Structure formats: structure tokens, C-alpha cells
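Here are my notes on the model you sent over. Have a look at it first, then read on.

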Amino acid sequence: MKHWAVLIGMAATALSAAAAEPVRAQPSKPGPVQAPFWGDALFHVYQGKTFSALTTLMASQQFGRVAPHADEAEATRGGLLLAYGLHREAEAVFTALAERGTTAALRDKAWFHLAKIRWQRGLPAEADAALARVAGPLDAELETDRQLLAAQVRLALGDPAGAAARLQALAEDAEGTPYARYNLGVALLEGQRRADGRAWLDRLGQMPVTTRPPEERRALRDKANLTLGFDALRHGEPAPARQALERVRLNGPFANPALLAFGWAALEDKAPRQALVPWQELLQRNPSDPAVLEARLAVPHALVELKADAAAVQGYTEALAAYAAEAQALTDTITALQGGALVDTLIAGNPGADLGWGWTAEALPADLPHRAQLAPVLATHAWQSALKDQRDLRFFLQHLGRWQRDLLSFDTMLATREQRFAAMLPATRDTRLADTQARLAAEQRTLAGALAAADARALADERERALIERLDRAQRTLASLPDDDASRTLRDRVQRVAGALEWQLSVAVPERRWAARKALREIETELASSAERMATLQAAQRDEPQRFAGFAGRIAALRTRIATLLPQVAALQAEQQTELQAVAIRHLKDQQARLAEYTTQARFALARLQDPATLAQRGDASEAPDAPR
């Protein structure tokens, strides 16, 4: 069996599975905000703070604070649930919105985002069902993403013809995305329309890169050429395969599989010397890369074709040594992964702004062992979604732990407030309010008496009352003096002063009666307010202990709930981490199995070369003048 057959099958499958780029949701344009609490939730949404947005929004909905944005708020809640991958809960939200007749645009956008999350969760059938609920076209960019996603779903469901039908119009549009053209080419190849599919991929493989981002377009161009090369090799067409593979950049992300495939195409085209050129280039690259590992077998295989047996023996010997070293390194990596180092390092090295589906582990650790083997599995939607879940579970575990500690503080705060209330209430009720009520009652009696009296003196102020008392004392003193001229003169003067004072008091009576009545009304109001405060304090003394007991009960219930949730979340987090490690370990063990197969092939080829019968049949080929050195 030819070595490249296994590689081409794996690469073609991987390319088909990654046919479309992940769709990117665009936030809706903000409209007028008529409820402050809805604006508060939107602030967190547009800040990308998923957890804060969800908790704030749900609290505002609970208290009915988001009207008249009820439908929009509920759709946003569904989207935030999707941000955590909770597609079943989000579906219930969107279904309820549809049943109560929300706007078609809002409903269609909700179903599209649900389909996207289901696709990323590895649920193509469920994604297809959600896409079927989208009744009309979305906004321009989202509509393109919807068509790309629908085509990718159809490919996953084994319907390349359906995928091609959806992509045809997008691919033929001059302004259309090149991803649609790539997807169309793949769909046509899988639908047994090779000529049409190769034509689309060939055009894409030769497109000039003039738009941004240029690196993304160059990578897509390389991918198209690589797919063309694999397809030609699979159908026994080495010359077209070499032509397409030559267009793949030497330093791009698809360079190594392209170099390996080019070598097999050259060997298939009876040109072993030309096959050695890319394969020897591969041997200078990352020794853990799968293409490099296969090239170690391919190089001595080509040397055998050139009858350079001695060089081939050396190549197989070096390959066996490299495979042994790689196998040991894989074993060491598996041991390290079982300790949880990979997951911890990935999460620590990709902190992100907040939780939710928008987070992706973009950067691999610089010291990550076997990056070449691990990178493909770490980049899959399934592994990334599992890593997101692990990150979220860790956050919730920390969040619950923080709440558990906060409840202790709430206990202390409640106890302190209860003690302070018990200490201050009696003093406030019995002393401060009682004194205030006594003072106000005395002032009320004084004013009421003054208003009831016919004498103007009752309305005199403090200064005037002091003058009246002085005049009364003076008159009593003068009455005891002899009736002579001096006494009569003094009596006349005091009488005039007393008359003037009485006249002033009489003139001020209307104004002072009005002021007294006003003051009396104010005192009555204050007395009523004081009575209300007294009643409030009495009610507080009666009801507040029940409120304290209610708070204590809520704290106790929360403590019980958190105590129940903590071990559950901890168990889920440990289980999720184990599964993440298991996925990576299974991938590495697949690499070990492939290495074992390569090792067997190398030993068999080496034994065959060293067999005396084989040497006699081939002659002394090691000294051939054209043997590569």
C-alpha cells in the first residue's frame, strides 16, 4: 500500500470538515432606551461582560423593570444563554418569543445564532432544524454567514448537492466571500462533480490577494491548492497534483502537507529525484510534525527507487531512531497531560475579557510539547467548546466559593444590625420622642391660651413681656411713694410709657394672631408626625425581629444551596478536565499507533534491503554513480 493514501484521506476529510469559517455574530445597532435598567443591561452586553449582563438582565426582568423592551430583553437573554452554550434553554426562550408574536427580524436572528452554537457543539442535525426556522433573509453580513453555515451543515449531513445549491449564488457574486467559492468547490467534489469543483478551486488557488486581511486570503488560497492536489492524487493524476501543490507557499500553514503530497505526486509520476527535494526539505523542519515523520519513511523509499540502497539503509536506520525518540517524547507528554498541566496552562495563557462563547484559546503555550500533533485537536470546535465549559466551570466554582465566604460576612452584618437595633430602639422611643412630644405639647398649650385670651399682652414676645414686668414693678413702687410733685411726674412718665406699649401691642395683635395660628398648625403637624414616628418605631419593634429572621432564613437557604452546588460544580469541573485531557491523550495515542506502524514499515523495509536474496537480485546498487549523497 502506498504511504500517501492514508495521509490524503485524512487531509481531505479535515479540509472538508473545515470548509467554512466560523460565522461571526454582529451586535445589533442600539436603539432608543426607554427603561434605565434595560440600558444598564445593554451596557454590560456591549462591554462583552456576559455574566454581568445576564445576571443584571435577569434581576431587572424579575422585578419588571425592562418594559417596554420586554421582547428585546428576552431575546437578549436567549443570546446570553447561547454565549454559555446553553442551546436548549435558549431554544425554549426563542420558541416562547415566536409563540407570542415578536418581530420576524428578531426571531430570525435568534434562530440563526442558535444554529451557529449547535453547529459548534457538533450537532449538525439540530443546527439544520434551527436554520429551518429562519423565515426570511437576515442583514447583509449575517445572511452571508447563514448561507455558509447552512452549506457546511448540509455537507456534514451528507448532502453535498444541497450545499452546492445554497452556495452557487454566493460564489457567482463578484462581491461574494471567497469562502463560499471554496465551500462550493468542496461540495462539488464530494457530489461527484469533479470538473466543476476543480474549476472553482483552481480559480481560487490562483486569485490575487488584494483585500484585507491578506494573510487570511493567502491561507485560503493555499488550502484550495492543497485540496486540488489531494483530489488529483486520489484519482491517480500526479501531474495536475504537482501543478496545484507548487502554488502552496513554503512558509504557510499548509506547507508541510503540501511538500509531502508533492513528493508522492512526483514519485507517482516516476520522478523519485524530484520527490526527494521536498521531502529532504521536510526533514529540516519540526521533527514532531506528522508530515515530517512520514517523510522519514518517504526519503529512503525514494532512495530505493533510485537503487541507492546504502543511503536507503541509513535513512531507515535514522527513521527508526527518530521514531523511537518521538515515541518516548509522546509518552512523556501523555504523562504530563495526565497531571492537568495542559488545561491549566491554556486557560492561564488565554485570560479573555469575560466568560462565554466568544472566548477562544488563541495562543498555545510556548513550551507546549508536541505542538504540531496537539494543535489540530486543540483547534477543533469540540475541544474548544469543552475548554470553554471547563473555563466557565472554574469561574462558577470560584464564584460560589466567594459567595460562601460573603455569607459569613452577611451573618456578621445581620447580627451587628440586630444588636444595634435592639440597643437603640427603646432609647429613641422612650427618651427622644417623648421629650419632643412634651415640648411640642407645652408650646401648643401656650399658643392656644394666647389665642383664647382677650388681652393683647398674651401675644407679646419675650422682650415685650420683660418690659411689661418692669413697668408693673415701677408702677407698684411709685404707688408706695408720697404724693408729691416729683412722684406725680414719675407716675405720669411711666403711665405714658405703659400706654405706648399697650398701643404697640394692640396694633400687632392681628399679625401676631395669624402667626400664632400658623405656628399652632405647624405644632399640630409635628405632633402628628411625632405620633406616626412613635407608631413606626413601635411597629419596627414588633416587625423588625421578623425581618431579621427572614434575612437569616434567606442566608441559611443560600448557604445550603451553595453547599449543594459546590461539590456538583467541582465534580463537573474535574470530570470536564479529565475528558479534555483524555481527548488530547487519545490524539497522542493515535500518533503513537501511527509511529508504531511507521516503525514496522521501516523495519520491514530495512530487513528487506539487508536480505541477501534481495541484495543478490538488485546487485551492488549502493555504489551506483547516480545515487544521491
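The points below cover a helix pair, some aromatic rings and a charge over a ring.

1. Ground rules: this is a predicted model, so local features need pLDDT of at least 70 and side-chain atom pairs count only at pLDDT 80 or more, while totals for chains, interfaces and linings use all residues. Residues are numbered from 1 along each chain as its sequence is written, and side-chain values use heavy atoms, leaving out hydrogens and water.

2. Helix 10 (residues 178-190) packs against helix 12 (residues 214-234) at about 10 degrees, axes 11 Å apart. Axes here are lines fitted to C-alpha atoms, for helices over the stretch in contact, with angles from 0 to 180 degrees between N-to-C directions. That makes the two helices roughly parallel (angles under 35 degrees). Helices are DSSP runs of H or I, at least four residues, numbered from the N terminus.

3. In the same spot, Lys-223 lies over the face of Tyr-182, 5.6 Å from the ring centre. The test wants NZ of Lys or CZ of Arg within 6 Å of the ring centre and within 35 degrees of the ring normal.

4. Trp-264 and Trp-279 make an edge-to-face pair, 4.8 Å centre to centre with 65 degrees between the planes (ring centres within 6.5 Å, planes over 60 degrees apart; for Trp, the six-membered ring). Trp-264 sits in helix 14 and Trp-279 in helix 15, so the pair ties together parts 15 residues apart in sequence. Trp-264 is buried at 3% relative accessibility, and Trp-279 is buried at 0% (buried is under 20% relative accessible area, 1.4 Å probe, protein chains only).

How values were computed: Parallel < 35°, antiparallel > 145°, perpendicular 65-115°, else oblique. Phe/Tyr/Trp six-rings, centres within 6.5 Å; stacked < 30°, edge-to-face > 60°. Buried < 20%, exposed > 50% of the residue type's maximum accessible area, 1.4 Å probe, protein only.
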